[in-house]
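I opened this notebook to record, step by step, what I looked up in one protein model. The sequence and the structure come first.

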Amino acid sequence: MSKAERLSLDKMQEKEECLTSSLGNLKEVNKEVEESNIWSQYQLSDEYSENKIVMQVKNPTSAHIYWEFTTEQANLVLSELGYQDLSQVPLILRLYDLTKNKHYDINTTLEHRDWYINQLNPGHNYLVKLGVIDDDMKFHPIIESNRIRTPRNTVSDNLDEDWMIVKDKLEKIYLLSGKGELEEGYSSPEIIKKEERVIQLSRLEEGYSSISILKDS
């Protein structure tokens, strides 16, 4: 092979390597774009353009609150008060203890979207409103939550009086199975053994049909 042919071959190999590298880079770019599109397509939104505040019981003495409201909803309240936007007035969570007929104010901000409230009273009813306080210290709600009732922090005094024991249950099953009245001489332990036999046979083995199980029982 001449020197010229060798140089030509080397250049062709270099071009081929460059092309292979470019194709590899292009595949990586396409893969990243595709993954980005999938992520953006299925990613959960931070906002849903809804006006709601939800209160959830966490335990007998605490609750979790999360909320969302639209600019239009806030402007309905602000325009009546003569304000331009929410930056001009304090944003307040007002917690109502409906059992004691009291309320408590919590300062929050536009950056917050949820809040944990602790030291609640067990067995009390609560709701919360998110709103603003004007210059006269009057509260104006923007959104209102659902009502909750915190569970009691003591053992329940509700007692179930009627408990069916296993023996009574098996006797009832035996009577309802079509056997008729209890056969004379059968005691509760014998009935239990007889029903256990049926339960064991119900674990079907090869060659067992429903009829054969009923006959052997």
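The entries below go from the overall fold to the cores, a strand pair and the salt bridges.

**Entry 1: Overall fold**

I noted at the start that this is a predicted model. I then looked up the secondary structure and found 5 helices and 8 strands. Read from the N terminus, the order of the elements is α-β-β-α-β-β-β-β-β-β-α-α-α.

I next looked up burial for the whole chain. The protein has 217 residues, and 25% of them count as buried. Its accessible surface comes to about 16,900 Å². Carbon and sulfur atoms account for 50% of that surface.

I also checked how far apart in sequence the contacting residues lie. Among contacts between residues at least 6 apart, 54% join residues at least 24 apart.

**Entry 2: The nonpolar cores**

I recalled a general point before looking: in soluble globular proteins, nonpolar side chains tend to be buried together. Which residues have the most contacts inside the largest nonpolar core? I found I53, M55, W67, F69, L86, L130 and I142, in a core of 25 residues.

I then asked which elements give two or more residues to this core. They are the strands β1 (52–59), β2 (62–68), β3 (91–97), β6 (125–133) and β7 (139–144), together with the helix α2 (71–81). The largest share, 4 residues, comes from β6.

I chose I142 for a closer look. Leaving aside neighbours within four places in sequence, I found I142 in contact with F69, Q73, A74, V77, L86, L91, L130, G131 and V132.

I also recorded a second core, separate from the one above, with 5 residues. Among them are I92, Y96, L127 and I133.

**Entry 3: The pair β3 and β4**

I looked up how β3 pairs with β4 (residues 102–108): parallel or antiparallel? The two strands pair in the antiparallel sense, over 7 bridges. Within this pair, I92 stands opposite N107 of β4. I92 is also one of the residues of the second core.

The hairpin of β3 and β4 has 4 residues between the strands. There I noted that N101 takes a positive phi near 60°.

**Entry 4: Salt bridges**

How many salt bridges does the model contain? I counted 3.

I first recorded the side chains of K52 and E50, which meet at 3.4 Å, N to O. K52 counts as partly exposed because its relative accessibility is 34%. E50 is likewise partly exposed, at 34% relative accessibility.

I next recorded D105 and R94, whose side chains meet at 2.7 Å, N to O. This salt bridge links distant parts of the chain, with D105 in β4 and R94 in β3, 11 residues apart. I then asked why R94 counts as buried. Its relative accessibility is 11%, and buried means under 20%, so R94 falls in that class. D105 has 38% relative accessibility and therefore counts as partly exposed.

I also recorded E144 and K129, whose side chains meet at 3.8 Å, N to O. This salt bridge too links distant parts of the chain: E144 lies in β7 and K129 in β6, 15 residues apart. E144 is partly exposed, with a relative accessible area of 48%.

How values were computed
Residues numbered from 1 in each chain as written. Predicted model: local features only at pLDDT ≥ 70, side-chain atom pairs only at ≥ 80, totals over all residues. Heavy atoms only, no water. Core = buried A, V, L, I, M, F, W, Y, C linked by side-chain atoms within 4.5 Å. Buried < 20%, exposed > 50% of the residue type's maximum accessible area, 1.4 Å probe, protein only. Contact = heavy atoms within 4.5 Å. Areas by Shrake-Rupley, 256 points an atom, 1.4 Å probe, with all protein chains shown as cover. Pairing = 2+ DSSP bridges. Salt bridge = Lys/Arg side-chain N within 4 Å of Asp/Glu carboxyl O.
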